[in-house]
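Got your viewer ready? Load the model below, switch to a cartoon view, and follow along stop by stop.

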Amino acid sequence: MAQNYNIGKVYTGKVTGIQTYGAFISLDHQTQGLVHISEIINGYVRDIRDYISVGQLVNVRVLSIDEMTGKISLSLKGASIDQGFNGEDNLKHAARLLRELKPDGFNTLHKKLNEWLHVEMKKENMTN
């Protein structure tokens, strides 16, 4: 029953079928949703079976519920997104991660290009 589920919430379901366009996920004995191929991962998916298989338990986020038909659209990649973050928190979190990864900040491509070329030229000279 679609009314037992809320848009934006994450639920655990079982993969019941895989087609070229998406995967069917059983949320309970009466309710099934579809994860479209574009909602499997961030990036290109050639074959959904490379990421999930029939019978597997997966966490999915409810993207939408069609009021007329009761069809539920689900996201596998969206299930891993932390719900607790909002716009400003996301920016603060991203800035913190960037500081941890690269304390001196970003260098423009123009500045880095000379460094990269120098490193590559050194590599070439070492192999010749």
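Among contacts (heavy atoms within 4.5 Å) between residues at least 6 apart in sequence, 53% join residues at least 24 apart. Before you click further, note that this is a predicted model, where local features need pLDDT of at least 70 and side-chain atom pairs count only at pLDDT 80 or more, while totals for chains, interfaces and linings use all residues. Residues are numbered from 1 along each chain as its sequence is written, and side-chain values use heavy atoms, with hydrogens and water left out.

**Whole chain**

Color by secondary structure and you should find two helices and five strands. Both kinds are DSSP runs numbered from the N terminus: helices are H or I with at least four residues, strands are E with at least two. Walking from the N terminus, the order is β-β-β-β-β-α-α.

Now switch on the surface. The protein exposes about 9700 Å², and carbon and sulfur atoms supply 55% of that (Shrake-Rupley method, 1.4 Å probe; for residues, only the protein chains shown count as cover). Of the 128 residues, 24% are buried. Here buried means under 20% relative accessible area, exposed means over 50%, and partly exposed is in between (1.4 Å probe, protein chains only).

**The barrel**

Hide the surface and select the strands. In what order do the five strands of the closed barrel run? The order is S1-S2-S3-S5-S4, with mixed pairing. From one strand to the next, the twist averages 50°, using axes that are lines fitted to C-alpha atoms (for helices, over the stretch in contact) and angles from 0 to 180 degrees between N-to-C directions.

Two strands count as paired if DSSP finds at least two bridges between them. Start with residues 10-19 (S1) and 57-65 (S4): they run antiparallel and are joined by five bridges. Pick Gly 13 and you'll see Val 58 of S4 standing opposite.

Next, add residues 72-75, which are S5. Four bridges tie S5 to S4, again antiparallel, and Val 62 sits opposite Leu 74. S4 and S5 make a hairpin with six residues between them. Click on Gly 70 in that turn for a positive phi of about 80°.

Keep Leu 74 selected and bring in residues 32-36, strand S3. S3 and S5 run parallel, joined by three bridges. Leu 74 is the bridge partner of Val 35 here.

**Aromatic pairs**

Show the Phe and Tyr side chains. How many aromatic pairs does the structure hold? There are two. Rings of Phe, Tyr and Trp (its six-membered ring) pair if their centres lie within 6.5 Å; planes under 30 degrees apart count as stacked, over 60 as edge-to-face and the rest as tilted.

Zoom in on Tyr 5 and Tyr 11, an edge-to-face pair at 4.8 Å centre to centre with 85° between the planes. Both Tyr 5 and Tyr 11 are buried. Then go to Tyr 21 and Phe 24: their ring centres are 6.2 Å apart and their planes sit at 90°, so this pair is edge-to-face as well. Tyr 21 is partly exposed at 40% relative accessible area, and Phe 24 is partly exposed at 24%.

**Salt bridge**

For the last stop, search the whole structure and you get one salt bridge (a side-chain nitrogen of Lys or Arg within 4 Å of a carboxyl oxygen of Asp or Glu). Select Arg 49 and Asp 47, whose closest N and O atoms are 3.7 Å apart. Are these two buried or exposed? Arg 49 counts as exposed because its relative accessibility is 53%, while Asp 47 is partly exposed at 28%.
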